[in-house]
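User: Hey, can you walk me through this protein? I'm new to this.
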Amino acid sequence: MENSKNEREEKKNVRGLKAKLLIVLLYAAVLSTATYAWFTLNNKPRVFNLALSAGGSADLLIADDTGGGPGEYSEKLDLKAARQDPVRMEEMELNPVTTKDAKTFYQPVYTGKAVTDVKEIKEDELYKTYVYKKTFYLKAGSLKNKSGRKTSATKKSYDIMLLGTKQEEENSGCVIKHVEGSPSEGGATAANCIRIAFIVEGQDQIPVYEPNSNQHNSGDKATNSVDYGIKDTLKQPSEGGEFEGGENGYSKKLFTIKEEEDVKVTMLVWIEGTDDDCTNSIQLGEIMGNIQFISKDAEETGR
């Protein structure tokens, strides 16, 4: 009798130990997959004010998209005053999304405070509360002589890059930052988990700009094992600083355009939910900034 009782107690202890060990292993598994971040709530930072500008060796100019082609070209484009469809920039609220290709975007599916899956967002909803979308045109200079005729029988093409380091002019270069006075916890800002993609009509490659890539937020966030997010980005480690891997403060090449051609560009701005800096501490913040393109001669091509 005594031996049987001891055996039962021993088996019970073993079962209890196994259960505790299983819980520990499950907890460790959860921690090991909690690499990416999402808001745990439905928070909505705003895009307050962005401006675009263009310049460089090609007399690079920028124009608004009027809906039927480019408007008047100039050196700068104020997006607050530009044509907006479907939502004006200052009214745009950004909920966190993710993507692998800057074409198809997904929203998180929550189980409690954990993201267990993602769901594709329909286009009629995507550009209202998830991704800010703006189309515009770039055009390289024509290099004419005083009579108005071209000085060369060839047609030049130009590499287009982003300008990182600030120049002599105020607010020049690429800077994405927190709007002073808008809510923030401990200096956290949505500018640290923003992504900006540039889709060029007729070109397959979609470059993605990641501002403030070495600036980080603290705060609560959802955990998940959903591995999306574009890894190959044009990283700008600090606000208004130089780009990684570029030259003279420029980023790597975004795309190439030919002289005198109207080149339509679609810019997408979103909060990357799988960025570890996508935390609840940025839920009511506002972002603003400047995006400046720069050009240089790439090659001459025959007409």
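Analyst: Sure, we'll begin with the overall picture and then turn to salt bridges.
Analyst: This is a predicted model, where local features need pLDDT of at least 70, side-chain atom pairs count only at pLDDT 80 or more, and totals for chains, interfaces and linings use all residues. Residues are numbered from 1 along each chain as its sequence is written, and side-chain values use heavy atoms, with hydrogens and water left out.

User: How many helices and strands are there?
Analyst: There are two helices and 17 strands. Those are DSSP runs numbered from the N terminus: helices are H or I with at least four residues, strands are E with at least two.

User: OK, salt bridges. How many does a search of the whole structure find?
Analyst: Eight. A salt bridge here is a side-chain nitrogen of Lys or Arg within 4 Å of a carboxyl oxygen of Asp or Glu.

User: Which residues are linked in a network?
Analyst: Arg 195, Glu 210, Lys 235 and Asp 275. Glu 210 pairs with Arg 195, with the closest N and O atoms 3.5 Å apart. Glu 210 lies in strand β12 (residues 208-211) and Arg 195 in strand β11, so this pair ties together parts 15 residues apart in sequence. Glu 210 also forms a salt bridge with Lys 235, at 3.8 Å between the closest N and O atoms.

User: Is Arg 195 buried or exposed?
Analyst: Buried, at 7% relative accessibility. Buried means under 20% relative accessible area, exposed over 50%, and partly exposed in between (1.4 Å probe, protein chains only).

User: And Lys 235, buried or partly exposed?
Analyst: Lys 235 is partly exposed, with a relative accessible area of 25%.
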